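Hi,

Here is the structure I promised to pass along. Have a look at it first, and then read on for my notes.

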Amino acid sequence: MKEIKEYIRDIPDFPKEGIVFKDISPLLNHSDTFNRVIEMWKERYANHGIDTVVGVEARGFVFAAAVAYAIGAGCVMIRKPRELPYKTFSKTYDLEYGTDTLEVHQDAIDPGNKVLVIDDVLATGGTMEAVLELLMDNFKCELVEVTFLMELSFLGGRDKMKNLPVYSLVSY
């Protein structure tokens with residue numbers, strides 16, 4: 001996992017003072033490391049019969065599409081409002097200062113589908129908690145696991161996953 005961390009750079013005071021942003025751009029640009037990340041997920045999930053890989057706005061799309069391709073599954077995007085062209089289900093959730101909303105197409109996941117959810121980072125868990133509520137409230141699907149490239153474990157986001165299976169490639 002050290003190899004992965006070598007390609008995640010810290011950007012201090014972004015997007016605001018006091019926050020250290022974990023930038024995955026170098027990892028995505030380093031083909032060997034990016035390929036290794038996708039292969040690690042492929043090895044973990046190839047034999048789980050996953051039908052749908054869900055990627056969370058926006059960096060989660062990059063990983064979800066690649067993993068879906070690698071394991072022969074479909075790919076679904078969870079987006080910000082008004083970014084999806086068809087009828088959507090939506091979930092509004094609280095942020096530290098205000099609210100945000102996520103949406104998914106109403107026909108995105110077939111009943112009984114086995115679903116893997118991917119995002120780049122697990123921080124406080126608020127966004128993923130909303131994603132999981134959006135999926136579980138609107139689709140009769142089976143959640144296989146929630147996975148992240150990295151987890152900021154000191155922020156306690158895993159606690160919001162309500163005893164669901166969570167896997168992170170690297171942890172800080």
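Below is what I found, going from the annotation to the pocket, the salt bridges and the backbone.

Please keep in mind that this is a predicted model. In the UniProt record, an unreviewed entry, residues 28-150 are listed as "domain: Phosphoribosyltransferase". That stretch of the chain is 35% helix and 36% strand, and the C-alpha atoms at its two ends are 14 Å apart.

The pocket

The largest pocket has a volume of about 1200 Å³. It is lined by 35 residues, and those closest to its centre are R59, V121, A123, T124 and T127. The elements that contribute two or more residues to this lining are β2, β5 (88-95), β6 (98-105), β7 (114-122) and α5 (126-138). Which of them gives the most to the lining? That is β7, with four residues. By residue class, the lining divides into 19 nonpolar, five polar and eleven charged residues.

Salt bridges

The structure holds twelve salt bridges, and three of them may be handy to look at in detail.

E129 pairs with K162, with the closest N and O atoms 3.8 Å apart. Because E129 sits in helix α5 and K162 in the loop between β8 and β9, this pair ties together parts that are 33 residues apart in sequence. E129 is partly exposed at 23% relative accessibility, while K162 is exposed at 53%. Both residues also belong to a network of salt bridges that links K91, E129, E133 and K162.

Next, E151 and R158 form a salt bridge whose closest N and O atoms are 2.7 Å apart. Is E151 buried or exposed? With a relative accessible area of 7%, E151 falls under the 20% cut-off and so counts as buried. Its partner R158 is partly exposed, at 36%.

The third pair is E83 with R79, whose side chains meet at 3.6 Å, N to O. Here the acidic partner, E83, is partly exposed at 43% relative accessibility, whereas R79 is buried at 17%.

Backbone details

A few backbone features deserve a look before you set anything up. A cis peptide bond joins F14 and P15, with omega about 5 degrees. P15 lies in the loop between β1 (9-12) and β2 (20-23). That loop also holds D13, which has a positive phi near 60 degrees although D13 is not a glycine. D13 is partly exposed, with a relative accessible area of 47%.

The peptide bond from E57 to A58 is cis too, with omega near -15 degrees. You will find A58 in the loop between β3 (52-56) and α4 (59-71).

Where does N163, another residue with positive phi, lie? N163 is in the loop between β8 (142-151) and β9 (166-171), and its phi is near 65 degrees, again in a residue other than glycine. At a relative accessible area of 83%, N163 is exposed.

Happy to talk any of this through once you have had a look.

Best wishes

Notes
Residues numbered from 1 in each chain as written. Predicted model: local features only at pLDDT ≥ 70, side-chain atom pairs only at ≥ 80, totals over all residues. Heavy atoms only, no water. Buried < 20%, exposed > 50% of the residue type's maximum accessible area, 1.4 Å probe, protein only. 1 Å grid on protein atoms, 1.4 Å probe; cavity = no way out; pocket = protein on both sides within 12 Å on 5 of 7 lines; lining within 4 Å. Points joined across faces, edges and corners; volume = space filled by probe spheres on them. Nonpolar A, V, L, I, M, F, W, Y, C, P; charged D, E, K, R; others polar. UniProt positions renumbered as here; feature names shortened; annotations may be inferred. Salt bridge = Lys/Arg side-chain N within 4 Å of Asp/Glu carboxyl O.
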